[in-house]
Amino acid sequence: MRQDEPKLLRVSKAAHELGLHPFTVRKWIKTGKIAAIWVGQEARVPRSEIERLVGKTDGRLILLYGRVSGQGQKGDLDTQLARLSAWAEQQRAGKQTLVLSDIGSGLSATRRQLQRLLRMVREDQVAEVVVTYPDRLTRFGQEYLQVLFDSFGVTLTVLDPGEDKTAEQELTADLWALIASFSGRLYGMRSHKQKELLKCAQAVINNP
């Protein structure tokens, strides 16, 4: 350590050096995972704590997550997972990865492996979450997930983020996703009634 380098770091500086969000550092201080020294009402982190924790944060996992809506799409799920694994081998060589997948609606927050993913994020076990498309994690509420990930220093990587859409295009896509999901749950993903409902909805959307 250089002679002029501070031995006590502000939370924001400690978070930067650890690759974490300041919220996470404050949480660790509160729970005793990081020993802090209080200067007035402000917590300061000793540099020795930074050095102690570097090994732990570097060992966090990269989660590869895939999802499809129904059992008839297992082939697509296999393609997603194969692509994610190939990407990790090339772009994150040497890093420890874990593959998680669900078969269920993108509107459901109770998917088993999604719940596992979120639990691991909260336990500071995750460095990065990787998906093929933005809606694999969730159809709606992506912004809330991003806030959660940022709070725990987790990077969200989307292999195909898609082209920029106008506000009207985004609303249309969201409406279509809602109709498709709810009609699939009501009638079955590949039933005749669902296909008729989607055909009708498409006609209304295209000719408002």
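Phe152 is buried in this predicted model, its relative accessible area being just 5%. The residue sits in the loop that runs between helix H6 (142–151) and strand E7 (155–158). Its aromatic partner, Phe23, belongs to helix H2 (residues 22–31) and is partly exposed, with a relative accessible area of 44%. Burial under the criterion used here requires a value under 20%, so Phe152 at 5% falls into the buried class, whereas Phe23 at 44% does not.

A search of the whole structure returns 1 aromatic pair. In that pair, the ring centres of Phe23 and Phe152 are 6.3 Å apart and the ring planes meet at 80°. Planes over 60 degrees apart count as edge-to-face, so the angle of 80° places Phe23 and Phe152 in that category. Because Phe23 lies in helix H2 and Phe152 in the loop between helix H6 and strand E7, the pair ties together parts that are 129 residues apart in sequence.

Attention now turns to strand E7, where Thr157 is located. Thr157 is buried too, with a relative accessible area of 16%. Beyond its neighbours within four places in sequence, Thr157 is in contact with Trp87 and Arg92, as well as with Glu128, Val129, Val130 and Val131. One of these residues, Glu128, is joined to Thr157 by a polar contact of 2.5 Å between the side chains. Val129, another residue in contact with Thr157, lies 28 residues away along the chain, and the C-alpha atoms of Thr157 and Val129 are separated by 6.2 Å.

Methods
Residues numbered from 1 in each chain as written. Predicted model: local features only at pLDDT ≥ 70, side-chain atom pairs only at ≥ 80, totals over all residues. Heavy atoms only, no water. Phe/Tyr/Trp six-rings, centres within 6.5 Å; stacked < 30°, edge-to-face > 60°. Helix = DSSP H or I, 4+ residues; strand = E, 2+ residues; numbered from the N terminus. Buried < 20%, exposed > 50% of the residue type's maximum accessible area, 1.4 Å probe, protein only. Contact = heavy atoms within 4.5 Å. Polar contact = N/O pair within 3.5 Å; in protein donor to acceptor, adjacent residues only side chain to side chain.
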